[in-house]
Each structure stands twice: as structure tokens, then as C-alpha cells.
Amino acid sequence: MPFTTITGIGHYVPKNVVTNQDLTEVMETSDEWIRERTGIEERRYIDRGKETTTSLAVEASLRAIADAGIDKEDIDFIVFATLSPDYYFPGAGVLLQRELGIAKTEIAALDIRAQCSGFLYGLSTADQFIKSGMYKRILLVGAEVHSVGLDFTTRGRNVSVIFGDGAGAVVLEATEDKDISVLSTTMHSDGTYAEKLSYMYPGAHGGYFIEKYGIEGFDVDYNLEENSYGGVFWNQDMLDKGRVFPHMEGQAVFKMAVRKFPEVIMEALKMAGLGIEDLDMLIPHQANLRINQFVAHTMGLSEDKVYNNIMRYGNTTAASIPLALSEARDEGRVKKGDVVTLAAFGAGFTWAAAVLKWGK
Ligand code: UT7
């Protein structure tokens with residue numbers, strides 16, 4: 001049975017830097033609050049109408065493909081993780097296939113909707129396809145454009161200051177050499193908390209779950225009758241009430257994250273037959289520097305064993321792990337033979353981890 005190895009990696013972020021100070025011009029917030037609570041100093045936003053989730057993914061993919069030294073036509077499967085696709089449908093995978101100029105290959109393109117865990121859900125999925133022998137060269141991408149969907153008034157400040165745009169990609173190939181491969185992957189979810197971090201409109205639910213579970217801060221007094229064949233997905237009333245923005249109960253997410261990260265990291269290490277002492281580098285999802293510092297402290301990991309770049313990019317959801325892994329490789333923080341653990345927690349709730357031996 002073949003193993004999966006990363007043969008190419010790349011990342012891309014938009015050029016437009018937005019500092020915490022810039023955000024104070026549109027909402028009541030401060031550089032001090034953002035740094036203290038999240039560690040974030042700046043993030044990148046796309047040039048609207050000129051860049052998209054797919055276009056960021058294209059740049060990251062081309063870098064990963066060049067790094068792998070393969071032709072883009074050799075890719076036999078695309079896996080695209082994002083919560084901010086360019087279209088509600090079709091998915092981002094087919095757009096990426098077209099924009100890479102490889103539509104004529106007619107390879108399959110799969111979209112993954114597991115938010116912050118999306119890249120690791122994608123890695124686990126791709127790993128199974130390679131192990132089964134079905135595919136040999138998979139392009140796995142995490143890309144997000146948050147900046148076009150955030151509430152930039154004070155009402156949305158608890159969410160908006162955190163997120164940024166970016167992309168990361170890897171080329172995964174089959175290998176016989178276990179010593180340079182993905183050693184374990186694990187995925188979890190608990191839908192009990194689905195709305196704690198969510199973007200519910202547009203959606204087909206028409207208020208159903210809000211009524212059923214009494215979701216804090218939401219009501220169903222939207223005018224669903226008016227224009228009822230077109231307006232339940234979303235309507236003017238929802239727009240006026242500011243419902244068409246992400247919703248996050250930050251403390252609930254934080255508390256669960258710091259519990260689940262250590263659990264899932266230990267689970268993935270155990271599956272790989274390793275312990276925490278074998279770990280050379282932990283690359284956690286970049287949601288909040290304080291979460292990552294808490295996890296490192298709980299697990300007794302020194303600072304040099306945890307890679308963080310949230311200070312410069314904010315939370316880029318599905319892009320954050322490949323973006324961090326790519327930068328860590330470029331900076332020489334991840335070297336051939338290193339045991340690297342990737343771990344994520346986010347909306348759903350979903351959480352996941354993977355352990356690999358770096359082979360580049
Ligand atoms: O990647 C997806 C996973 N997401 C996460 O893991 C996020 C996890 N959660 C968090 O990182 C934190 O909960 C946040 C950074 C989102 C918020 O930090 P917090 O310490 O939990 O703040 P809070 O929401 O409890 O709000 C504390 C105060 C409130 O004011 P009052 O009610 O105490 O007067 C907020 O209104 O801070 C206020 N606040 C802000 N103030 C200035 C909230 N956002 C801001 C802001 N600037 N941007």
C-alpha cells in the first residue's frame with residue numbers, strides 16, 4: 001500500500017495590508033485590544049473585484065506545483081477547502097481547475113466544508129485516495145476571502161478584527177517511503193454547537209433551527225411571507241437586521257478549542273506510534289495566538305516547537321495551516337525528517353489533526 005507525501009507546498013496572500021489601526025477608522029476598537037486578546041497585528045485583504053478566493057488559490061497552487069516539479073496536467077484530483085467560495089454553487093474546486101487551465105483533463109474536484117478544519121479534513125480525504133491507489137497526485141488547497149463578508153461596523157467587531165484573506169496549497173503524491181509520509185490523520189465533529197460559529201444567511205433553513213433551538217441573539221421575525229418563493233434563502237429584512245454576517249460566540253469557541261486541541265494532537269501522535277516528546281514542530285490553526293499559547297503551555301511545548309504567523313495574517317480559516325506550514329518550511333523551521341503535527345479546531349464544531357514526517 002502506498003503512503004502519502006507532500007512533494008510541493010506554496011502560499012499566497014494579497015498585497016493589501018490592513019493594520020489594527022486601519023480598523024479603528026471604521027469601528028470602535030483599538031490596536032491594544034486586538035493585540036492583547038488575539039495577538040493579531042495586521043491582516044491582508046483582497047483587491048475587491050480583481051482577486052477572489054479562487055485567484056488566491058491559483059497563486060498558491062502554482063507555487064506548490066512548481067515546488068513539486070510536476071506539470072499541472074499531472075494532477076489527478078483537486079481537493080479545495082474553503083468556507084468562502086466564490087459562488088454558493090458550483091464549488092471552488094471546479095473554478096480552480098478552470099483557472100489553472102487544466103479543465104481539459106476532466107479530473108474530479110471536491111469541495112470540503114469543514115471551516116477551520118477544512119485543510120486537515122482534505123488531507124485525511126486525500127490520504128485515503130492515495131493509499132487506496134485511486135489517485136497518485138492530488139492538489140490540496142485551503143483558501144479564504146473573508147474581507148468581503150464581514151460586518152465592519154462596531155456591531156461586528158468581535159468577529160471582523162480576527163479574520164484575513166489568504167491561501168495555501170500542497171501537492172500530495174504516492175510514495176513507498178514511510179519515512180517521508182503522512183503517518184496519521186484524525187477528524188472529529190460535534191454538531192451540537194453548529195450555530196456558535198456560523199454564517200446562516202443565505203440558507204435554506206428559513207429560521208427552522210433558530211425556532212427549534214432558540215439560538216441566542218437570533219429571532220425569526222423576518223418577513224418570510226413576502227416574496228416567499230425567493231425570500232426565505234435571504235431577504236431584505238435579514239439584510240436590514242444585519243443577519244448576513246458571521247456570528248460567533250467567542251468565549252464558547254475558545255473554551256472548547258483549548259480542550260480539544262491537546263486531545264486531538266495526542267490522539268494523532270498515538271495513532272502514529274509517537275508521543276509528545278517525538279514532536280519537532282506543531283503547526284496549529286491560527287485562530288487566536290492566545291489559544292495556541294495556552295495549548296503549548298498545557299502540553300509542555302516550548303515556543304520553538306510551535307509555529308505561529310497569525311500576527312501577520314489574522315485567522316485565514318482553511319488557509320491558515322498550509323500558509324503556516326509553507327512559511328515554516330521557507331524559514332527552515334521545518335526540515336527533512338522532522339515530525340510535524342498539524343491541528344485545527346473551528347466551526348461545526350469540527351476538529352482534526354495529522355502527523356507527518358517532513359520529506360522535502
Ligand atoms: O477560527 C475559528 C475559531 N475561532 C476561534 O477560535 C475564536 C475563539 N474566541 C476568541 O478568540 C475570543 O473569544 C475573541 C478574540 C473572539 C474575543 O475575545 P474575548 O476575550 O472572548 O472577548 P468577548 O467577546 O468576551 O468581549 C469582551 C469585551 C466586550 O465588551 P464588554 O461587554 O465587556 O463591555 C466586547 O464588546 O470586548 C468587547 N469587544 C471588543 N472591544 C474592542 C469585542 N470585540 C472587540 C474589539 N475591539 N474588536
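This report covers a five-stranded sheet, the helices packed on it, a buried serine and a ligand site in a predicted model.

## The sheet

The sheet is open and holds 5 strands. Their order is β1-β7-β6-β4-β5, and the pairing is mixed. β1 (3-12) and β5 (108-112) stand at the edges. Each has a single partner strand, so one side of each is left without a neighbour in the sheet. Neighbouring strands are turned by 20° against each other on average, with direction ignored.

## Around strand β7

Strand β7 covers residues 166-175. How does it pair with β1? The two run in the antiparallel sense, joined over 9 bridges. Thr4 stands opposite Ala174 in β7. Gly8 faces Val171 of β7 in the same way, standing opposite it.

β7 also pairs with β6, again in the antiparallel sense, over 8 bridges. There, Glu144 stands opposite Gly166 of β7. β7 is mostly covered: 9 of its 10 residues are buried.

## Helices on the sheet

Helix α5 (residues 118-132) lies across β1, β4 (77-81), β5, β6 (137-144) and β7. Helix α5 runs at about 170° to β6.

Helix α12 (residues 320-330) packs on the sheet as well. Helix α12 touches β1, β6 and β7. The direction of helix α12 makes about 90° with that of β1.

## A buried serine after β7

Ser181 sits in the loop between β7 and β8 (182-189). Is Ser181 buried or exposed? Its relative accessible area is 1%. The cut-off for buried is under 20%, so Ser181 counts as buried.

Which residues touch Ser181, leaving aside its neighbours within four places in sequence? The contacts are Phe3, Thr4, Thr5, Thr175, Leu356 and Lys357. One of them, Thr4, is the residue that stands opposite Ala174 in β7.

## The ligand site

The ligand is surrounded by 20 residues. The closest are Thr29, Arg37, Gln251, Asn288 and Asn315.

Polar side-chain atoms reach the ligand from several residues, including Thr29, Trp33 and Asn315. For Thr29, such an atom lies 2.7 Å from a nitrogen atom of the ligand. For Trp33, the distance is 3.2 Å, to an oxygen atom of the ligand. For Asn315, it is 2.6 Å, also to an oxygen atom. On its own, the ligand has 950 Å² of accessible area, and the protein covers 73% of it.

Terms used. Residues are numbered from 1 along each chain as its sequence is written. This is a predicted model: local features need pLDDT of at least 70, side-chain atom pairs count only at pLDDT 80 or more; totals for chains, interfaces and linings use all residues. Side-chain values use heavy atoms; hydrogens and water are left out. Two strands pair if DSSP finds at least two bridges between them. Helices (H or I, at least four residues) and strands (E, at least two) are DSSP runs, numbered from the N terminus. Axes are lines fitted to C-alpha atoms, for helices over the stretch in contact, and angles run from 0 to 180 degrees between N-to-C directions. Contact means heavy atoms within 4.5 Å. A residue is near a molecule or strand if one of its heavy atoms lies within 4 Å of it. A polar contact is a pair of N or O atoms within 3.5 Å; within protein, one must be able to donate a hydrogen and the other to accept it, and residues adjacent in sequence count only if both atoms are side-chain atoms. Accessible areas come from the Shrake-Rupley method with a 1.4 Å probe; for residues, only the protein chains shown count as cover. Buried means under 20% relative accessible area, exposed over 50%, partly exposed in between (1.4 Å probe, protein chains only).
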